[in-house]
Amino acid sequence: MLLAYAAVALLPPLSAGGEELEGFAPSTNPAVASEIRSFEIYGLPLISRVALVQRDPAGLSVVTQAEAVLRAVAVTQGSYDTPVLGALPLPNTLGAFPASKERDTTVVTFLFSDPRTGFADQQRAAQQLAAQMDLGPRDAFVGVTGSIPARAEQARLVKDALPLVEVATIVAILFIVGVTFRSVVAPVVTLVTAGVAVVVTLGVVGYLGRLLGVSVPSDLEPLIVALLLGVVADYTIFYLSGLRAQVAAGLDRREGSLRAIRDVTPIVAVAGVTVAAGTASLVVAESALFRGFGPGMALTVLVGLVVAVTLTPAFMAVLGRWAFWPSHPASRPAAAAPHARLTGVVTSRRGARIVIGLCVLGLSTAALPLLHLNLGLSFVQSLPSDSEVARAASQAQLGFASGILSPTELLLEGTDVADQSEQLGRLGGLLKQEPGVAAVLGPGDLPVDGTFGLLLAKSGDAARFLVVFDAVPLGARAIDDLAALRERLPGLLTRAGVTGVSVGVAGDTALSQGVVEGTSADLLRISTAALLVNLLLLVLFLRALVAPLMLLASSVLALSASLGLTVLVFQGLLGQDGLTFYVPFASAVLLVALGSDYNIFAVGHIWQLARHRPLRDAVRIASPETTRAITSAGVTLAASFGLLALVPLRPFRELAFTLAVGILLDVLIVRSLLVPALLTVIGPVSGWPWARLQADEPLPELSPG
């Protein structure tokens, strides 16, 4: 408790960052280099991540459209007191956007800032400019939108939702622990332990993050809190379950507490280290987001573990059987009967084989949609539909095309390329015919270009095209369309007759393509590291190789099933254009690590008994108690993760679903049924080569019914 006070008084808050797009895309991303190069040549960027939207479905007057153009020219000429470098008004008139079914209803004014300026500063500059322009209902002004305002809105929504997530999670934990132990004291023990863990962890992680240079994206703070509350509650449940077993055996407060602490602490400690090491394996990724996410999660689990293994045993030693008041642990829990029947099935060889077949078939079937997984980013699209940023984006897309707010820039560099005006015109025509392209803005399409040099560099050595896709610009379909365009671009240049040029691609879709490709490339490194770390710790703890391989394989099967169901729900039933790129990978590392956590608790007790009795006998005795504890712990952790859906953002709903379903599949199917059945079928061979397990004695076969 003193440690918690010191953490509040002396340590800084959780270090958070990564609110800007560069938190997702490294500086080595070619799209970043192309964007900066374009700015260096022209002195004015062509890529804008902030836009002002004006729209009237009944039609904008000529005066309103003209005023929008004049205001944009004034911004570019420096008539406003703003750090915004320039503005480009784009009305849906003159047939410039064939993909649009409307005409004269919408004006999108893109605001341009130095690409080296922080996103927060660009957001503030746009808001100040809109205020200076005095835009309002008479101008049919809808709002400020774009990927930068969307990121700012995401951060605000996360901050606003965090207290609700914390309170809801605490209430869920109290209820589940209370029902599990039929006690009003056990939930209080869990709450105090978890509360101290949150206070200490956020302070320590914040301090160490600054000391070690580890930045945790602020978007992920609810995930950190959910993981911390869930894991600490799990370990408290494991301790209390051990104490309940000792008290039920008739031991007094002191002896029962000491035995429970002696039996449970090594298992909890190894389990916590396993989870921490598994999440820390993300440091092998090249993605800056994953490298920051991994250590942050590892520090969270380790500090939470220290609190759990110190504070919970202290409560146990003081309270003894009173931790379960008003219930009486000596009586057999009501849940024991069904667990005992299931154990009887999975410890008979015929029943075990049937269980294995059904589990593998069901989980494999659930995993099949994973073959259709698509990845993308979601900024504007992740927001609630009633937010100003989302409303303005929706109105802009209705007036133009889905990709209007984040066009893609093609930068052509070559000596006197501006003199190839006819060839550049043909290239623009060819680009407009490409699949997925809604519109192209190229040299000759802007009457004011000669004055401001937006598309043709005044040096004559560069030309720029703005390509608008007809899909959500950061989604999977737009990324695929851009990848296809890049492949065909050399042929298009040849057909247009444009020679002696190099081409750079910039914009949010190009950034997203690099992020998704980099994430996919990280998959092998992350998965290999995570599996090896978890395998090593399981091998050291169990002193065996066969059992750890079997346990990891079962965890991967449950993980695949949960991801498959996530794809089915979000891409299939809800029609999303792919999952947020980091959701499958963050979920995979957490679920494998937490699966190993439950493996250690479940198999650890079986291994302790198997030193003195046949393995199948050990499974019969240990499984009912460990299954009850793991089920309660798993339901608690699933609720903790599931309540992340209270954050009204798409990535959190995807994370909540994947993690909650994954945990439930793990504890209800894999740990309760599949693992005991596998141990029954494999037998003492599961301890090969170092764990010497006794051979099974003949037992009567039980039918699965």
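This is a short tutorial dialogue on reading features of a predicted model.

Q: Let's start with the overall picture. How many helices and strands does the chain have?

A: The chain has 20 helices and twelve strands. Keep in mind that this is a predicted model. Of its 705 residues, 58% count as buried. The accessible surface comes to about 27,100 Å², and carbon and sulfur atoms account for 63% of that surface.

Q: What share of contacts between residues at least 6 apart in sequence join residues at least 24 apart?

A: That share is 83%. Serine 34 gives you a single residue to look at: it lies in helix 2, residues 30–42. Setting aside residues up to four places away in sequence, serine 34 touches Leu411, Gly504, Val505 and Ala506. Serine 34 has a relative accessible area of 13%, so it is buried, the cut-off being under 20%.

Q: Now to aromatic rings. What describes a pair of them?

A: Two values do the job: the distance of the centres and the angle of the planes. In this model the count comes to six aromatic pairs. One of them is phenylalanine 238 with phenylalanine 601; their ring centres are 3.8 Å apart and their planes meet at 10°, so this pair is stacked. The pair links distant parts of the chain, since phenylalanine 238 is in helix 7 (residues 221–248) and phenylalanine 601 is in helix 18 (residues 583–610), 363 residues apart.

Q: Are these two phenylalanines, 238 and 601, buried or exposed?

A: Phenylalanine 238 has 1% relative accessibility and therefore counts as buried. Phenylalanine 601, at 3%, counts as buried too. Ring pairs also link Phe238 and Phe601 with Tyr235 and Tyr598 into a cluster.

Q: Which arrangement do phenylalanine 581 and tyrosine 582 show, stacked or edge-to-face?

A: Look at the angle again. The planes of phenylalanine 581 and tyrosine 582 stand at 85° with the centres 5.4 Å apart, so the pair is edge-to-face. Phenylalanine 581 is buried, at 0% relative accessible area, and tyrosine 582 is buried at 8%.

Q: Rings can also be partners for charges. Which residue has its charged end over the ring of tyrosine 42?

A: That is arginine 464, whose charged end sits 3.6 Å from the centre of the tyrosine 42 ring.

Q: Next, salt bridges. What distance should I check, and how many salt bridges are there?

A: Check whether a side-chain nitrogen of Lys or Arg lies within 4 Å of a carboxyl oxygen of Asp or Glu. By that rule the count is 17 salt bridges. In one of them, the side chains of arginine 49 and glutamate 35 meet at 2.9 Å, N to O. Arginine 49 is in the loop between helix 2 and strand 2 (50–55), while glutamate 35 is in helix 2, 14 residues apart. Arginine 49 counts as buried because its relative accessibility is 8%, and glutamate 35 counts as buried at 8%.

Q: Where does arginine 55 find its salt-bridge partner?

A: Arginine 55 forms a salt bridge with glutamate 102, with the closest N and O atoms 2.5 Å apart. Arginine 55 is in strand 2, and glutamate 102 is in the loop between strand 3 (86–91) and strand 4 (106–112), 47 residues apart. Arginine 55 counts as buried at 8% relative accessibility, whereas glutamate 102, at 25%, counts as partly exposed.

Q: And arginine 138 and aspartate 139, how do their side chains meet?

A: They meet in a salt bridge of 3.1 Å, N to O. Arginine 138 counts as exposed at 59% relative accessibility, while aspartate 139 counts as buried at 1%. Salt bridges can also share partners: Glu35, Arg49 and Asp508 are joined into one network that way.

Q: Finally, the surface. Which residues make the nonpolar patch of about 370 Å²?

A: Val184, Trp322 and Trp325 make that patch. Tryptophan 325 is placed in the loop between helix 9 (288–319) and helix 10 (336–346). Its relative accessibility is 45%, so tryptophan 325 counts as partly exposed.

Q: How far apart are arginine 182 and tryptophan 325, in sequence and in space?

A: They are 143 residues apart in sequence and 7.9 Å apart in space, C-alpha to C-alpha. Arginine 182 lies in the loop between helix 5 (147–181) and helix 6 (185–212). At 44% relative accessibility, arginine 182 counts as partly exposed.

Conventions:
Residues are numbered from 1 along each chain as its sequence is written. This is a predicted model: local features need pLDDT of at least 70, side-chain atom pairs count only at pLDDT 80 or more; totals for chains, interfaces and linings use all residues. Side-chain values use heavy atoms; hydrogens and water are left out. Patches are made of residues with over 30% relative accessible area and no salt bridge: like charges are joined within 9 Å, nonpolar side chains (Val, Leu, Ile, Met, Phe, Trp, Tyr) within 5 Å. Accessible areas come from the Shrake-Rupley method with a 1.4 Å probe; for residues, only the protein chains shown count as cover. Helices (H or I, at least four residues) and strands (E, at least two) are DSSP runs, numbered from the N terminus. Buried means under 20% relative accessible area, exposed over 50%, partly exposed in between (1.4 Å probe, protein chains only). Rings of Phe, Tyr and Trp (its six-membered ring) pair if their centres lie within 6.5 Å; planes under 30 degrees apart count as stacked, over 60 as edge-to-face and the rest as tilted. A charge sits over a ring if NZ of Lys or CZ of Arg is within 6 Å of the ring centre and within 35 degrees of the ring normal. Contact means heavy atoms within 4.5 Å.
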